[in-house]
Amino acid sequence: MATIAEERRTSALSVVLPVMLLAGLIGGLALTTGLIDTGGIGGALPGPPTVTVPPRTFTYRSDGDFVRAGIPVDAPLETVAVASPLHVMKFQVTVADYALCVADRACAAAESRPASIQTVPVTGVSYDDARAYADWLSTRTRQVWRLPSDAEWAFAAGTRFADDALGIALNNKNPAIRWIANYERESARKAGSLQAAQPQGNFGENEYGIADIGGNVWEWTGTCHRRVVMDGDGRIISQAPACGVYVLEGKHRAPMSFFIRDAKGGGCSVGTPPDNLGFRLVRDSRWYAPLIRAFETSRLRPA
């Protein structure tokens with residue numbers, strides 16, 4: 001018969017061993033993905049200025065193209081209860097920020113013209129460029145940085161989030177009404193276009209202190225564009241995400257192929273193309289964020 005001491009040792013081992021294995025796994029993944037500095041390129045960088053958006057319940061219009069009973073309609077409003085704060089960059093990633101990643105050979109040079117003012121947001125960058133920068137910044141700061149989801153971007157934008165609804169009644173089945181409303185909206189967007197990216201802070205701050213939300217640099221998100229089909233009662237029948245086309249946020253939403261760097265050169269699936277393509281990141285403070293990053297990094301690494 002086992003003694004009480006032996007039973008306690010066995011019980012302790014049953015707890016300690018899984019913890020040690022998990023710690024070893026996390027440590028190994030952190031080393032693999034660069035979250036632990038091993039004397040590679042450069043030293044650790046301080047993280048960029050961030051703003052913490054406090055938890056709240058908010059309502060925003062969902063992303064995607066929605067069809068109800070065969071007729072295109074505005075996306076429905078969604079109410080989301082956010083339980084945790086969101087840590088988001090105060091400013092968009094600038095020319096100077098991005099140049100450090102290029103110098104470390106972790107990012108491809110942007111296609112935009114070199115800016116004499118280093119605090120101008122970097123533009124001429126694709127979704128893949130933004131992901132590469134997030135990976136590099138995570139390694140250099142020993143934190144986890146990533147693109148926000150569309151919902152997180154809307155949460156951080158607050159009152160500056162643009163509602164793309166045309167406001168046409170659901171029972172209006174005349175396609176000409178929606179076509180005219182959409183034409184008028186696109187004409188207004190083209191008239192308000194401002195070509196050159198402006199220095200950070202030029203478009204002011206929202207109520208949380210985040211700068212340049214809804215300026216003339218659209219921001220990549222990590223959300224795939226989708227097409228949603230609903231029945232006559234508004235119930236979702238099917239939805240088809242198109243991962244390869246991602247949602248950009250700015251003065252309005254814009255779906256864009258992952259490799260596009262200049263929206264004016266093509267690639268915008270619908271509507272007026274964004275003036276400039278840039279990005280800002282969120283810092284993922286969840287305890288398991290390094291594991292998610294490690295998994296994604298290993299999945300994308302060539303065999």
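**Helix 3, its core and the adjoining sheet**

User: In this predicted model, what span should the 15 residues of helix 3 have at 1.5 Å a residue, and how far apart are its end C-alpha atoms?

Analyst: The expected span counts 1.5 Å for one less than the number of residues, so the 15 residues of helix 3 should cover 21 Å. The model agrees with this expectation, as the end C-alpha atoms of helix 3 are separated by 21 Å.

User: Which residue caps the N-terminal end of helix 3, and which residue just after the helix takes a positive phi?

Analyst: At the N-terminal end, a side-chain oxygen of the capping residue, S126, lies 3.3 Å from the backbone nitrogen of D128. Just after helix 3, the phi angle is positive, about 60°, at R142.

User: Which helix gives the most to the largest nonpolar core?

Analyst: This core has 27 residues, and those with the most contacts inside it are Y98, Y133, W220, F279 and L281. At least two residues each come from helix 2 (95-103), helix 3 (127-141), strand 8, strand 9 (236-249) and strand 10 (254-257). Y133, A134 and L137 are among the buried residues of helix 3. With six residues, the element that gives the most is helix 3.

User: Which residues of helix 3 does L281 contact?

Analyst: Leaving aside neighbours within four places in sequence, the contacts of L281 include V88, M89, W145, R146 and L147. Helix 3 comprises residues 127-141, and the contacts of L281 in that range are Y133, A134 and L137.

User: Which strands stand at the edges of the open sheet with the order 1-6-12-7?

Analyst: The four strands of this sheet pair in the antiparallel sense. Strand 7 pairs with strand 12 (residues 282-283) over two bridges, and R146 has V282 as its bridge partner. An edge strand has a single partner, so one side is left without a neighbour in the sheet; this holds for strand 1 (50-53) and strand 7 (145-146).

User: What angle does the direction of helix 4 make with that of strand 6?

Analyst: Helix 4 (residues 150-157) packs on the sheet, touching strands 1, 6, 7 and 12. Its direction makes an angle with that of strand 6 (86-89) of about 85°.

User: Is T223 buried or exposed, and which backbone nitrogen lies 2.7 Å from a polar atom of its side chain?

Analyst: T223 is found in strand 8 (residues 218-230). Its relative accessible area is 16%, under the 20% limit for burial, so T223 is buried. T223 touches D63, S149, D150, V245, Y246 and V247, not counting residues up to four places away in sequence. The backbone nitrogen 2.7 Å from a polar atom of the T223 side chain is that of D150.

Notes. Residues are numbered from 1 along each chain as its sequence is written. This is a predicted model: local features need pLDDT of at least 70, side-chain atom pairs count only at pLDDT 80 or more; totals for chains, interfaces and linings use all residues. Side-chain values use heavy atoms; hydrogens and water are left out. Buried means under 20% relative accessible area, exposed over 50%, partly exposed in between (1.4 Å probe, protein chains only). A polar contact is a pair of N or O atoms within 3.5 Å; within protein, one must be able to donate a hydrogen and the other to accept it, and residues adjacent in sequence count only if both atoms are side-chain atoms. Contact means heavy atoms within 4.5 Å. Two strands pair if DSSP finds at least two bridges between them. Axes are lines fitted to C-alpha atoms, for helices over the stretch in contact, and angles run from 0 to 180 degrees between N-to-C directions. A nonpolar core is a set of buried Ala, Val, Leu, Ile, Met, Phe, Trp, Tyr and Cys residues joined through side-chain atoms within 4.5 Å.
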